[in-house]
Amino acid sequence: MTDQHTSLLHSILSRALWPALFTMGLAGAGMAFRSNAPLLWFNAVYLAVVVAIACFERAMPFEKKWLRADGETLNDVAHTLLNKGGVQIAAALGATAPMAVATVAHPMIKDIGDIWPHGWPVALQVALALIIAELGLYVAHRASHEIMLLWRFHALHHSVQRLWVVNTGRFHLIDSLFKIALSQIPLYLMGAPLSVFLWIGAVTAFIGLLTHCNIDVQTGPLDLIFSTPRLHRWHHSRVLAEGNTNYGENLVLWDQVFGTYFNPDRRPPAAIGISGRVADSFLGQLLQPFSSRGFRQIMGRRAHAEEQASTNRRKSN
Ligand SMILES: [Zn+2]
Ligand SMILES: [Zn+2]
């Protein structure tokens, strides 16, 4: 192939890959949900999308130096697996939560328990659920950046120095459970059906894989609707003013409503990470936020910056 052909192919792929991989993931999820073994087939589709993204990361990386190993791959996979297990347990608990809540607060819940629009087409129900769940995700994610009690858990996700498909699921278990609680409990209380939860799970899974991908994709107008790799690369910036933006997990609607949408016309940073330090081992990373010494390590220079900011606030009051 000539250089001209290669660059034409690169330009087509860079525009087509995000929508193509997302659509293929959702189509695969749809088939999995209709099969006799939905969870098994969904995981197979998920793995196939991971492999496809990993191949394109090699063929057309956004940042070449992010292809280099960082010694964190096993920890990333372990956190992902623990989170998936945690989510299953939370979902099982969640299925009984509305009953428990209804028993305790029956008069209050009885009236709001029936407000879900079961008669709408499934696609519209999923869109509505996404917007509602996204508000919970937005609040949880923003709080995790602005409240240091929560940042100590979320910092693990931001401690990476490369973005690639495998560290998509690198979240502290507490961080994940907090996000799930805020995003899913409102839907349970409104009476959303299981199929809607499955679809929300599928959308979140594939958009999540894509937000961390190190593929040179051009998402153009999609940046106005979805949390794309470009927007999420800004979110991982070392510069707080750039990183404390784009909190949306699937949609960026609430970032636009609350003024935290950030997409300047320049290349997102390749130097990402936090000013503090997280532990080296998987177990160390899980336990670190619970000790005051661990918390100080996680905060690093940010502790100093926060202290300065609060001193300045006191002075100006
Ligand atoms: Zn974050
Ligand atoms: Zn991320």
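Axes here are lines fitted to C-alpha atoms, for helices over the stretch in contact, and angles run from 0 to 180 degrees between N-to-C directions. I wrote that down before anything else, since I wanted to look at a helix crossing. Also noted: this is a predicted model.

**Entry 1: overall make-up**

I counted secondary structure and got 14 helices and 0 strands in the protein chain. Reading along the sequence, I just wrote α over and over: α-α-α-α-α-α-α-α-α-α-α-α-α-α. Of the 317 residues, 33% are buried. Then I checked contacts between residues at least 6 apart in sequence, and 69% of them join residues at least 24 apart.

**Entry 2: the α5/α6 crossing**

How do α5 and α6 (residues 148-158) cross? Their axes come within 6 Å, at an angle of roughly 100°. Angles from 65 to 115 degrees count as roughly perpendicular, so I logged α5 and α6 as roughly perpendicular to each other. From α5, the contact uses A143, S144 and H145, and from α6 it uses L150, W151 and H154. Sorted by type, the contact residues come out as 3 nonpolar, 3 polar and no charged.

**Entry 3: α5 by itself**

I checked the length of α5 next. Its 25 residues should span 36 Å at 1.5 Å a residue, and the end C-alpha atoms are 36 Å apart, so the two agree. The buried residues of α5 include V126, A129, L130, A133 and E134. Further along, G136, L137, Y138, A140, H141 and S144 are buried too. S144 turns up twice in my notes, as it is also part of the α6 contact. What do the buried residues of α5 pack against? I found α6, α7 (173-190), α8 and α11 (253-258).

**Entry 4: α8**

I did the same length check on α8 (residues 194-211). Its 18 residues should cover 26 Å at 1.5 Å each, and the end C-alpha atoms are 26 Å apart, so that agrees as well. For burial in α8, I listed V196, W199, I200, A202, V203 and A205, then F206, I207, L209, L210 and T211. The cover over these buried residues includes α1 (3-34), α2 (38-59), α5 (122-146) and α9 (229-235).

**Entry 5: nonpolar cores**

Which residues have the most contacts inside the largest nonpolar core? I got I53, A129, I200, F206 and L209, in a core of 47 residues. At least two residues of this core come from each of α1, α2, α5, α7, α8 and α9. The largest share, 10 residues, is from α8. I picked out F206 and looked for its partners beyond four places away in sequence: F22, G25, L26 and V49. There is also a second, separate core of 9 residues, with A155, I274, V278 and M299 among them.

**Entry 6: N246**

Scanning backbone angles, I stopped at N246. Its phi is positive, about 45°, although it is not a glycine. Most residues other than glycine have a negative phi, so I made a note of this one. Where is N246? It sits in the loop between α10 (240-243) and α11. Buried or exposed? N246 has 25 C-beta neighbours inside 10 Å, so it counts as buried.

**Entry 7: N75**

N75 belongs to helix α3 (residues 73-104). There are 23 other C-beta atoms within 10 Å of N75, so I put it down as buried; the cut-off is 20 or more. L283 is 208 residues away from N75 along the chain, yet their C-alpha atoms are separated by 9.1 Å. Leaving out residues up to four places away in sequence, N75 touches F282 and Q285.

**Entry 8: Q288**

Last stop was Q288, in the loop between α12 (282-287) and α13 (292-299). It counts as buried because it has 22 C-beta neighbours inside 10 Å. From Q288 to V278 I get 7.5 Å, C-alpha to C-alpha, with their positions 10 residues apart in sequence. What does Q288 touch, not counting residues up to four places away in sequence? My list reads V278, A279, G294, Q297 and I298. V278 was already in my notes as part of the second core.

Methods. Residues are numbered from 1 along each chain as its sequence is written. Chains are lettered from A and ligands numbered from 1 in the order in which they are written. This is a predicted model: local features need pLDDT of at least 70, side-chain atom pairs count only at pLDDT 80 or more; totals for chains, interfaces and linings use all residues. Helices (H or I, at least four residues) and strands (E, at least two) are DSSP runs, numbered from the N terminus. A residue is buried if 20 or more other C-beta atoms lie within 10 Å of its own, exposed if 12 or fewer, and partly exposed in between; C-beta atoms are placed from the backbone. Two residues are in contact if their C-beta atoms, placed from the backbone, lie within 7 Å. The expected span of a helix is 1.5 Å times one less than its number of residues. Angles under 35 degrees count as roughly parallel, over 145 as roughly antiparallel, 65 to 115 as roughly perpendicular and the rest as oblique. Ala, Val, Leu, Ile, Met, Phe, Trp, Tyr, Cys and Pro count as nonpolar, Asp, Glu, Lys and Arg as charged, and the others, Gly among them, as polar. A nonpolar core is a set of buried Ala, Val, Leu, Ile, Met, Phe, Trp, Tyr and Cys residues joined through C-beta atoms within 7 Å.
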